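Open the model in your viewer and keep the selection box handy. We will walk from one side chain to the next.

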Amino acid sequence: QVQLVESGGGLVQAGGSLRLSCAASLRTFSGYSMGWFRQTQGKEREFVAALWWSSGSTYYADSVKGRFTLSKDSAKNTMYLQMNSLKAEDTAVYYCAAATKILPINQREYTYWGQGTQVTVSS
């Protein structure tokens with residue numbers, strides 16, 4: 001079975017920080033990218049950041065570059081998204097996903113998806 005479970009969402013004031021987690025149950029991780037997307041009601045889902053599991057290489061959307069940081073804990077099969085200097089525009093449901101290509105930004109490249117976790121930033 002394949003399962004991705006997000007956690008760590010919540011309510012935070014603008015300028016604050018939040019750390020999201022994505023626990024994965026993929027059979028192998030070396031050939032996967034793990035990505036984060038976010039979606040606001042009525043809008044298209046947008047790319048946030050991605051991590052190539054094997055090397056730890058990362059790629060960030062311009063909107064979050066310098067504020068968000070990806071990391072991983074291989075022993076726990078978990079990816080983390082540290083979000084600093086949060087803005088009201090960051091409010092969305094954040095989804096974890098897995099792809100078999102290196103650092104794709106197109107959601108169509110991702111095969112597996114979690115259920116999402118709500119992040120709300122108050123202004």
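Start by selecting W53: at 6% relative accessibility, this residue counts as buried. Bear in mind as you go that the model is predicted.

Now add F29, which is also buried, at 11% relative accessibility. The structure holds 6 aromatic pairs, and here is one of them: the ring centres of F29 and W53 lie 5.0 Å apart with the planes at 35°, so this pair is tilted. It links distant parts of the chain, with F29 in the loop between strand 3 and strand 4 and W53 in the loop between strand 5 and strand 6, 24 residues apart.

Next, select F37 and F47. How are their rings arranged? The pair is edge-to-face, 5.6 Å centre to centre with 75° between the planes. Because F37 lies in strand 4 and F47 in strand 5, the pair ties together parts that are 10 residues apart in sequence. F37 is buried at 1% relative accessibility, and F47 is buried at 11%. Extend the selection to Y59, Y110 and W113, and you have one aromatic cluster together with F37 and F47.

Two arginines are worth a stop. R19 lies over the face of Y80, 3.9 Å from the ring centre, while R45 lies over the face of Y95 at 4.0 Å.

Finish with the cysteines. A search of the whole structure finds 1 disulfide, joining C22 to C96 with an S to S distance of 1.9 Å. The link is left-handed, with -75° about the S-S bond. It connects C22 in strand 3 to C96 in strand 9, 74 residues apart. C22 is buried at 1% relative accessibility, and C96 is buried at 0%.

Note on methods:
Residues numbered from 1 in each chain as written. Predicted model: local features only at pLDDT ≥ 70, side-chain atom pairs only at ≥ 80, totals over all residues. Heavy atoms only, no water. Disulfide = S-S within 2.5 Å. Helix = DSSP H or I, 4+ residues; strand = E, 2+ residues; numbered from the N terminus. Buried < 20%, exposed > 50% of the residue type's maximum accessible area, 1.4 Å probe, protein only. Phe/Tyr/Trp six-rings, centres within 6.5 Å; stacked < 30°, edge-to-face > 60°. Lys NZ or Arg CZ within 6 Å of the ring centre and 35° of its normal.
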